[in-house]
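Here is a short tour of how some helices and rings sit against each other. Keep the 3D view open and follow along as you read.

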Amino acid sequence: MKEEILKKLSDVRSASRSLPLLSDTHINELLIDLAGRIPGRTPAILEANRLDLERMDPSDPKYDRLMLNDERLKAIADDIRSVASLPSPTGRILEQRTLPGGLELRRESVPLGIVGIIYESRPNVTFDVFSLCLKSGNATVLKGGSDARDSNIAIVSLIREVLSDHGLSTDTIYLLPAERQAASVMLNATGAIDVIIPRGSQQLIDYVRDHASVPVIETGAGIVHTYFDKSGDLDIGRDIVLNAKTRRPSVCNALDTLIIHRDRLDDLGNITAPLGERHVIIYADDDAYPALLGTYPAELLQKAEEHHFGTEFLSLKLSIKTVGNLEEALAHIARYSSMHSEAIIASDQSVTDAFMKRVDAAVVYSNASTAFTDGAQFGLGAEIGISTQKLHARGPMALRELCSYKWLIEGTGQIRP
């Protein structure tokens, strides 16, 4: 298997060399054509997705991530069109000046080259990654999980068809075998892949970071908190908590822990009432538990244990932590956060300002749902993932984050003394 994969990666490298020569018009036409063909291919993609879903327990938190339907495929097509409509991220002049000796210097954005993505049961990633990589002049190497094997094969088949029809090499995208050993080959394909970006659970991200010799950009799991300050507006806060927890509980921007100021415990039943209607299981700490007794459905209320904090639930589960002030809230977030998305609900501007400045996360909100942490919502078209690290890219990674740069120097015969 290793030799076969390395041979294919060599073909991908060859295909990647022609991508920077493509006009933005050519790329946009291809992406718009791809989006336009999705409706006609929807029955085949959904049938492949059905085979994948049959292999997964519907109670598995990853089931919702794996599932495709007409609405989601339509949204994917819209995202591809959105990517096509954006300015090209390559060829941008980032810096330009004339040096004392007359050398003309400029720094220009260029593609990374070959971008490898290793991900679990999210077949929409296959479309998103390809569209972003092509728009930024990169070739794509994909290692999907076995959970989404049939869906990914069907999607890549469509993409390769469109590439061929537009005169591009089908090696511009390569889907590795679903077997686990293919991942090891990918992670150590130094020189064949320029960067690897993992998307999935913390276990997957840790594995990639610990075993890769190829450079890695981490897109972290989301352990997400919202702090309800004593100055928080009840109606605003209730709606935000409901949306952040239940809009799509299986995604990384979903709320995991509600931190509440002790002075607002009397309002906790009101804040959580809509969660009870959505059958959210609450793990409440020693202060929050008695405040919810008799107001929250008994079958959904449990006492919190230590492991309920710092857990990415990816399901209709929520932990509640009670604090006495902002400092305690910040300390809890600092201890358990994955530095993905954090939020505060407050009317006191001084508290809000302190929270926004001091929380160490890729995205920080005041009086808004963490559900907005998404490349499309940020006007980026789509996203490769949400980077929680601090080098090169942070937050939703999109077109500009798929570029590096190079220095271009023009002279008239200068030599260095």
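In this predicted model, helices α5 and α6 run roughly parallel to each other, because their angle of about 30° is under the 35 degrees that marks the limit. Helix α5 also packs against helix α2, and several aromatic rings are worth a look as well.

**Helix α5 beside helix α6**

- Helix α6 covers residues 149-165, and its axis lies 9 Å from that of α5.
- Where α5 passes α6, the crossing is right-handed.
- On the α5 side, the contact is made by Thr126, Phe127 and Phe130.
- The α6 side brings Asn152, Ile155, Val156, Leu158, Ile159 and Leu163 to this contact.

**Helix α5 beside helix α2**

- Helix α2 (residues 24-54) and helix α5 (residues 124-135) have their axes 10 Å apart.
- The angle between α2 and α5 is about 165°, which is over 145 degrees, so these two helices count as roughly antiparallel.
- The crossing of α2 and α5 is right-handed.
- From α2, the residues in contact include Asp24, Ile27, Leu30 and Leu34.
- From α5, Phe127, Phe130, Ser131, Leu134 and Lys135 meet α2.
- Try finding Phe127 and Phe130 in the viewer: these α5 residues touch α2, and they also take part in the contact with α6.

**Rings that pair up**

- How many aromatic pairs does a search of the whole structure find? The search finds three.
- One of them joins phenylalanine 309 and tyrosine 336, with ring centres 6.2 Å apart and planes at 45°, a tilted arrangement.
- Phenylalanine 309 sits in the loop between β10 and β11, while tyrosine 336 belongs to helix α12 (residues 326-336), so this pair ties together parts that are 27 residues apart in sequence.
- Is phenylalanine 309 buried or exposed? Phenylalanine 309 is buried, at 11% relative accessible area, and tyrosine 336 is buried too, at 12%.
- Tyrosine 405 and tryptophan 407 form an edge-to-face pair, because their planes are at 90°; their ring centres are 6.3 Å apart.
- Tyrosine 405 is partly exposed, at 42% relative accessibility, and tryptophan 407 is partly exposed with a relative accessible area of 42%.

**Charged residues over rings**

- Tyrosine 405 has a further partner: arginine 107 lies over the face of its ring, 4.6 Å from the ring centre.
- Lysine 8 lies over the face of tyrosine 174, at 5.7 Å from the ring centre.

Terms used:
Residues numbered from 1 in each chain as written. Predicted model: local features only at pLDDT ≥ 70, side-chain atom pairs only at ≥ 80, totals over all residues. Heavy atoms only, no water. Phe/Tyr/Trp six-rings, centres within 6.5 Å; stacked < 30°, edge-to-face > 60°. Helix = DSSP H or I, 4+ residues; strand = E, 2+ residues; numbered from the N terminus. Buried < 20%, exposed > 50% of the residue type's maximum accessible area, 1.4 Å probe, protein only. Lys NZ or Arg CZ within 6 Å of the ring centre and 35° of its normal. Axes fitted to C-alpha atoms, helices over the stretch in contact; angles between N-to-C directions. Parallel < 35°, antiparallel > 145°, perpendicular 65-115°, else oblique. Left-handed = near helix turned anticlockwise from the far one by under 90°. Contact = heavy atoms within 4.5 Å.
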